[in-house]
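Please open the model in your viewer and keep the selection panel at hand. The stops below are given in the order in which they may be selected.

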Amino acid sequence: MKKIISILVAGAFVGIFAASHAKLPPAPPKSDAEKAAEAEKAAAGKAKDAADLAKAQDKAVANYKKNAASMDRKK
């Protein structure tokens with residue numbers, strides 16, 4: 001019984017080892033339309049990030065201007 005279990009365990013390890021070293025096939029090349037769509041999506045993401053940053057900066061400036069008078073400015 002121990003011999004059968006040890007053979008099964010050894011076979012499992014060999015299978016795991018073989019599977020971990022297997023090479024995946026290369027991804028198919030992207031077409032021009034896919035490349036353009038990906039570039040457009042990246043540009044839209046950058047524009048949204050820039051707009052969000054500008055909005056947050058404007059909010060921070062407005063908050064500073066609103067509360068600057070009430071802060072103690074003595075050094």
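Select Lys 48 and Asp 52 in this predicted model. Their side chains meet in a salt bridge, with 3.1 Å from N to O. Both residues belong to helix H2, which covers residues 32–67. They are four residues apart, or about one turn of the helix. Is Lys 48 buried or exposed? Lys 48 is exposed, because its relative accessible area of 52% passes the cut-off of over 50%. Asp 52, by contrast, counts as partly exposed, at 38% relative accessibility.

Keep Asp 52 selected and add Ala 18. The two residues are 34 residues apart along the chain, and their C-alpha atoms are separated by 48 Å.

Next, select Lys 30 and Glu 38. Here the side chains form a salt bridge at 2.4 Å, again given from N to O. Lys 30 is partly exposed, with a relative accessible area of 44%, and Glu 38 is likewise partly exposed, at 45%. How many salt bridges does the structure hold? The count is two. As a general point, side chains of opposite charge can pair when their charged atoms come close.

Move now to Ser 31. This residue is placed in the loop between H1 and H2. Its relative accessibility is 35%, so Ser 31 counts as partly exposed. Add Asp 58 to the selection and display the C-alpha distance: Ser 31 and Asp 58 are 41 Å apart in space, with a sequence separation of 27 residues.

For the following stop, select Met 1, Ile 5, Val 9, Phe 13 and Ile 16. Together these residues form a nonpolar patch on the surface. Their combined accessible area is about 570 Å². Within this patch, turn to Ile 5. Where is Ile 5 found? Ile 5 is part of helix H1, which spans residues 2–20. With a relative accessible area of 46%, Ile 5 is partly exposed.

Finally, clear the selection and display the whole protein chain. Its secondary structure consists of two helices and zero strands. The radius of gyration is 30 Å, well over the 11 Å that the globule rule gives for 75 residues, so the chain is more spread out than a compact globule. Along the principal axes, the C-alpha atoms fill a box of roughly 85 × 45 × 20 Å.

Colour the chain by accessibility for the next view. Buried residues account for 1% of the 75 residues. The accessible surface of the chain is about 7400 Å², and carbon and sulfur atoms contribute 67% of this surface.

As a last step, colour the charged side chains. The protein chain carries 15 positive and 8 negative charges. How far apart are the mean positions of the positive and negative charges? The separation between these two mean positions is 11 Å.

Note on methods:
Residues numbered from 1 in each chain as written. Predicted model: local features only at pLDDT ≥ 70, side-chain atom pairs only at ≥ 80, totals over all residues. Heavy atoms only, no water. Rg over C-alpha atoms; globule rule 2.2 N^0.38 Å. Buried < 20%, exposed > 50% of the residue type's maximum accessible area, 1.4 Å probe, protein only. Areas by Shrake-Rupley, 256 points an atom, 1.4 Å probe, with all protein chains shown as cover. Lys, Arg positive; Asp, Glu negative; His and termini not counted. Charge placed at Lys NZ, Arg CZ, Asp CG, Glu CD. Patch = residues over 30% accessible without salt bridge, like charges linked within 9 Å, V, L, I, M, F, W, Y side chains within 5 Å. Salt bridge = Lys/Arg side-chain N within 4 Å of Asp/Glu carboxyl O.
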